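Please open the structure in your viewer and keep the selection panel at hand, since this tour moves from one selection to the next.

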Amino acid sequence: MAEGGDDVQLKLVYAKTTYPLSKPSCTTIKDLKTEIEELTGCPATTMKLMYKGLLSAPNKPELDDRTLADANITKKAKILVVGASKDDLQSMAAVDTLAKSGVFKAEAAATAGASASKTKWSEETKHKKIIAKGKPEDAPFAYRPGSDPLPPAAIGGMVNHLHQKVRIHFKMAENMVVISTKERTSKVDLGKIHKIQSEAIPFHEEYHILGIQLGTTAASMYYVYWFPAQYVSAAKGCIFGGR
């Protein structure tokens with residue numbers, strides 16, 4: 001455990017519970033994750049940390065050698081912890097065992113056949129109408145392949161399902177997403193988002209249609225068009241069920 005350095009007061013948010021924690025600024029992210037595991041039961045080897053974007057992830061061990069000071073984590077910082085607890089992982093293992101059974105595979109094959117016939121968003125009339133109006137002149141810079149952390153500022157230059165200009169700001173330190181149009185601004189708690197889905201826009205694959213499901217049904221999906229492809233993975237990683 002690192003010693004020395006000014007103490008940094010942290011707020012760890014996991015499964016809608018906040019854990020206060022005070023650590024020296026020279027504490028490494030790796031050591032912080034070990035302590036978070038003791039507090040939350042979320043294994044350090046599988047957890048993802050978000051603070052103004054991606055702070056740590058299982059497939060990015062190079063991020064864990066940084067200290068709190070290196071990551072510019074200041075006093076009263078709020079860090080979002082994403083990952084399943086040990087109990088959840090055990091349940092997943094049981095589900096995985098079931099998934100390998102012959103009966104489950106037969107049912108899955110039948111379901112897969114039905115899913116394969118599902119129409120892509122870009123082929124549905126309501127989405128085609130928006131896409132046909134073309135890319136906005138002020139559309140954000142986009143490229144693929146890319147897996148960039150979410151920017152600290154809002155992403156603008158996009159449109160929603162009504163073809164209204166829309167800006168999205170993923171405020172990870174505040175555990176929320178802010179969706180703004182000229183008419184209104186909505187602040188949505190990340191814990192209330194059921195899933196985030198996306199689909200590349202044909203002939204403009206560096207941009208996606210991003211669907212944010214705000215309720216329990218598909219009817220609550222909020223669509224954003226011309227979302228930069230390089231931020232899709234990070235956006236989906238903000239919540240459980242992102243895919």
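Helices (H or I, at least four residues) and strands (E, at least two) are DSSP runs, numbered from the N terminus. With that naming in mind, note that the model is predicted, and that its protein chain holds 5 helices and 12 strands.

**The whole chain**

Show the whole chain first, colouring it by burial if your viewer allows this; of the 243 residues in the protein chain, 43% are buried. When the surface is switched on, its accessible area comes to about 13,400 Å², and carbon and sulfur atoms account for 53% of this area. Contacts are worth a look too: among those between residues at least 6 apart in sequence, 53% join residues at least 24 apart.

**The sheet of 7 strands**

Next, select β6 to β12, but leave the helices hidden for now. In which order do the 7 strands of this open sheet stand? Reading across the sheet, you will meet β9-β8-β7-β6-β12-β11-β10, with antiparallel pairing. The strands β9 (185–189) and β10 (195–201) are at the edges and have a single partner strand each, so one side of each is left without a neighbour in the sheet. Neighbouring strands are turned against each other by 30 degrees on average, if direction is ignored.

Zoom in on β8 and β9, which form a hairpin with 4 residues between them and pair in the antiparallel sense over 5 bridges. To see one of these pairings, select Ile 179, whose bridge partner in β9 is Ser 186.

Now move to β11 and β12, an antiparallel pair joined over 7 bridges, where Leu 210 stands opposite Val 224 in β12. Select Ser 220, which you will find in the loop between β11 and β12. Leaving aside neighbours within four places in sequence, Ser 220 is in contact with Ile 212, Gln 213, Leu 214 and Gly 215. Add His 194 to the selection and compare positions: Ser 220 and His 194 are 26 residues apart in sequence, while their C-alpha atoms are 9.7 Å apart in space.

Stay with β12 and pick Trp 226, a residue of this strand that has a positive phi of about 70 degrees although it is not a glycine. Is Trp 226 buried or exposed? Its relative accessibility is 1%, and buried means under 20%, so Trp 226 counts as buried.

Bring back helix α4 (residues 125–132), which lies across β6, β10, β11 and β12 and runs at about 35 degrees to β12.

**The nonpolar cores**

Show side chains now. In soluble globular proteins, nonpolar side chains tend to be buried together. The largest nonpolar core here has 27 residues, and those with the most contacts inside it are Leu 150, Phe 170, Met 172 and Phe 227. At least two residues of this core come from each of β5 (77–82), β6 (155–160), β7 (165–171), β8 (176–180), β11 (204–213), β12 (221–228) and α5 (232–236). Select Leu 150 and display its surroundings: beyond four places away in sequence, it touches Lys 52, Gly 53, Phe 170, Met 172, Tyr 231, Ala 234, Ala 235 and Cys 238. Apart from this core lies another, of 20 residues, among them Val 8, Leu 49, Tyr 51 and Ala 71.

**The sheet of 5 strands**

Select β1 to β5 next, which form an open sheet in the order β2-β1-β5-β3-β4, with mixed pairing. Here β2 (17–24) and β4 stand at the edges with a single partner strand each, so one side of each has no neighbour in the sheet. The twist from one strand to the next averages 35 degrees. Within this sheet, β1 (residues 7–14) and β5 pair in the parallel sense over 4 bridges, and Val 13 has Leu 80 in β5 as its bridge partner. Helix α1 (residues 29–40) lies across β1, β2, β3 (48–50), β4 and β5, running at about 140 degrees to β2.

In the loop between β4 (54–56) and β5, select Asn 72, which has a positive phi of about 60 degrees although it is not a glycine. Asn 72 is exposed, with a relative accessible area of 57%.

**Two cysteines to finish**

Finally, select Cys 26 and Cys 42. Cys 26 is partly exposed, with a relative accessible area of 23%, whereas Cys 42, at 0% relative accessibility, counts as buried. The count of disulfides comes to 0.

How values were computed: Residues are numbered from 1 along each chain as its sequence is written. This is a predicted model: local features need pLDDT of at least 70, side-chain atom pairs count only at pLDDT 80 or more; totals for chains, interfaces and linings use all residues. Side-chain values use heavy atoms; hydrogens and water are left out. A nonpolar core is a set of buried Ala, Val, Leu, Ile, Met, Phe, Trp, Tyr and Cys residues joined through side-chain atoms within 4.5 Å. Buried means under 20% relative accessible area, exposed over 50%, partly exposed in between (1.4 Å probe, protein chains only). Contact means heavy atoms within 4.5 Å. Two strands pair if DSSP finds at least two bridges between them. Axes are lines fitted to C-alpha atoms, for helices over the stretch in contact, and angles run from 0 to 180 degrees between N-to-C directions. A disulfide is a pair of cysteine sulfur atoms within 2.5 Å. Accessible areas come from the Shrake-Rupley method with a 1.4 Å probe; for residues, only the protein chains shown count as cover.
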